[in-house]
Amino acid sequence: MTDRAHPGARHGPRPTAVSVLGGDQAWQGRPDPDQWKDPAVGIPRYTLNDGTTIPAIGLGTYSFRGDAGVGALVDALGAGYRLLDSAFHYDNEGAVGAAVRTCGIPREEIVVTSKLVGRYHAHDAAVAAVEESVLRMGLDSIDLYLIHWPLPRIGLYVEAWRALIECRERGLVRSIGVSNFLPEHLDRLERETGVVPAVNQVELHPWLPQVEQQAYHEAHGIRTEAWAPVGEDSGLRDEPVIAEIAAAHGVTPTQVILRWDVERGIVPLPKSWSAGHRRENLDVFGFTLAADEVAALTALGRAHRLFGADPATHEEL
Ligand SMILES: NC(=O)c1ccc[n+]([C@@H]2O[C@H](COP(=O)([O-])OP(=O)(O)OC[C@H]3O[C@@H](n4cnc5c(N)ncnc54)[C@H](OP(=O)(O)O)[C@@H]3O)[C@@H](O)[C@H]2O)c1
């Protein structure tokens with residue numbers, strides 16, 4: 001196991017358990033304040049179409065719940081992550097908020113995301129859901145709030161979008177965007193409200209490179225975020241071409257995939273329960289991929305969704 005594979009090793013020994021909940025509710029991984037000066041915090045940022053900024057890579061948080069989730073999140077923030085994904089649907093806004101409140105990192109450095117769950121697309125329900133998200137996080141506001149899925153058969157996503165616009169005007173959320181929206185859904189939002197989402201978070205990895213979707217985003221000033229960026233546990237990371245490129249650069253296959261996102265201006269949101277993997281995944285700004293290497297990964301595209309959820313039909317309430 002090398003420092004390259006686990007660059008977190010350069011930070012020295014792991015911090016000891018510290019309880020910030022009190023009693024027996026201790027968790028591992030609270031960072032040493034010196035770690036907050038880690039060069040990894042120098043992650044580049046993109047300016048969104050509303051003038052706010054987000055880091056070029058973030059942390060997926062699905063299944064990060066409870067004390068163990070808070071511990072992983074505090075450790076990730078200490079390692080340099082400043083963009084956290086989350087969702088009402090993940091039942092982890094409490095853990096994400098607790099980590100942000102207790103990590104000791106200035107609040108303004110951190111971009112916290114949540115998403116509107118499908119059952120609350122109707123206007124008043126959507127506003128109440130955003131208010132509830134803010135309460136669950138225990139923060140004054142949420143930095144980026146997305147509509148999780150368009151649910152076109154239910155047909156209320158424009159109403160939900162108007163609710164998010166109002167929540168932004170009230171200061172409950174800073175930036176608003178969507179997730180899993182197809183160009184036809186994005187067109188409708190722009191046509192009917194005049195407000196273009198700052199972000200669209202979509203399934204995106206070398207087996208689903210989303211070239212046309214991203215071209216649409218670029219043409220409309222929407223930043224692309226990638227969910228399942230390293231393909232979960234599908235075997236994507238074992239693709240021989242990725243292994244070859246990784247060997248040529250002295251990095252890991254996962255780092256090659258994440259760098260491919262960075263080269264394309266896409267914000268990947270890898271998730272890992274492993275502190276070493278989290279640091280490895282953040283360490284993708286010290287090398288570049290050549291255009292033909294980027295193209296080789298894009299050529300792995302299979303033109304079908306790995307996880308089966310088609311935004312045209314998927315219903316997640
Ligand atoms: N908007 C949406 O509809 C939507 C849908 C799905 C997901 N998401 C978001 O996207 C995030 C990421 O997607 P995901 O969690 O589905 O999948 P992912 O990040 O592509 O994959 C996570 C898996 O990859 C492994 N992994 C991560 N880094 C690794 C490394 N360096 N080396 C080896 N294995 C590594 C993890 O194992 P270890 O834990 O062992 O490292 C975990 O099993 C989610 O957590 C969630 O926040 C959004």
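The following legends describe close-up views of a predicted model of a protein chain with a ligand.

**View 1. Overall make-up of the protein chain.** The chain contains 10 helices and 9 strands. Of its 317 residues, 48% count as buried. Among contacts with a separation of 6 or more, 74% are made by residues 24 or more positions apart.

**View 2. The shell around the ligand.** The ligand is surrounded by 25 residues, of which Gly60, Tyr62, Trp227, Lys271 and Ser272 come nearest. By character, the shell divides into 8 nonpolar, 12 polar and 5 charged residues. Helix α9 (residues 275-282) provides the largest share of the shell, with 3 residues.

**View 3. The open sheet and its edges.** Seven strands form an open sheet in the order β3-β4-β5-β6-β7-β8-β9, with parallel pairing. The edge positions are held by β3 (83-84) and β9, each of which has a single partner strand, so one side of each is left without a neighbour in the sheet. In general, strands of a sheet pair through backbone hydrogen bonds.

**View 4. Pairing within the sheet.** Strands β3 and β4 pair in the parallel sense over 2 bridges. In this pair, leucine 84 has valine 112 of β4 as its bridge partner. Strand β4 is mostly covered, as 6 of its 6 residues are buried. Elsewhere in the sheet, 2 bridges join β6 to the parallel strand β7 (residues 199-203). Here the bridge partner of valine 178 is asparagine 200 in β7.

**View 5. Helix α3 and its buried face.** Helix α3 (residues 123-137) has 15 residues, which at 1.5 Å a residue should span 21 Å; the end C-alpha atoms are 21 Å apart, in agreement with that expectation. Its buried residues are Ala126, Ala129, Val130, Ser133, Val134, Arg136 and Met137. Viewed down the helix axis, these buried residues fall within an arc of 165 degrees, so they line one face of α3. An α-helix has 3.6 residues a turn, so residues three or four places apart point the same way. On the other side of α3, Asp124 and Leu135 are exposed. The elements that cover the buried residues of α3 include α2 (93-102), β4 (111-116), β5 (142-147), α4 (157-169) and β6 (173-179). Glycine 138, just after α3, takes a positive phi of about 70 degrees.

**View 6. Helix α8 and its packing partners.** Helix α8 (residues 253-263) is mostly covered, with 9 of its 11 residues buried. The buried residues are Pro253, Thr254, Gln255, Val256, Ile257, Leu258, Arg259, Trp260 and Asp261. They pack against the strands β8 (223-227) and β9 (267-268) and the helices α7 (240-249), α9 and α10 (291-298). After α8 comes glycine 265, whose phi is positive, near 75 degrees.

**View 7. The surroundings of valine 195.** Valine 195 is found in the loop between α5 (183-193) and β7. This residue is partly exposed, with 16 other C-beta atoms within 10 Å; the count lies between the 12 or fewer of an exposed residue and the 20 or more of a buried one. Not counting residues up to four places away in sequence, valine 195 touches Ile165 and Leu189. Tryptophan 161 is 34 residues from valine 195 in sequence, and the two are 8.9 Å apart in space, C-alpha to C-alpha.

Key. Residues numbered from 1 in each chain as written. Predicted model: local features only at pLDDT ≥ 70, side-chain atom pairs only at ≥ 80, totals over all residues. Near = placed C-beta within 6 Å. Helix = DSSP H or I, 4+ residues; strand = E, 2+ residues; numbered from the N terminus. Nonpolar A, V, L, I, M, F, W, Y, C, P; charged D, E, K, R; others polar. Contact = placed C-beta atoms within 7 Å. Expected span 1.5 Å × (residues − 1). Arc of directions from axis to C-beta. Pairing = 2+ DSSP bridges.
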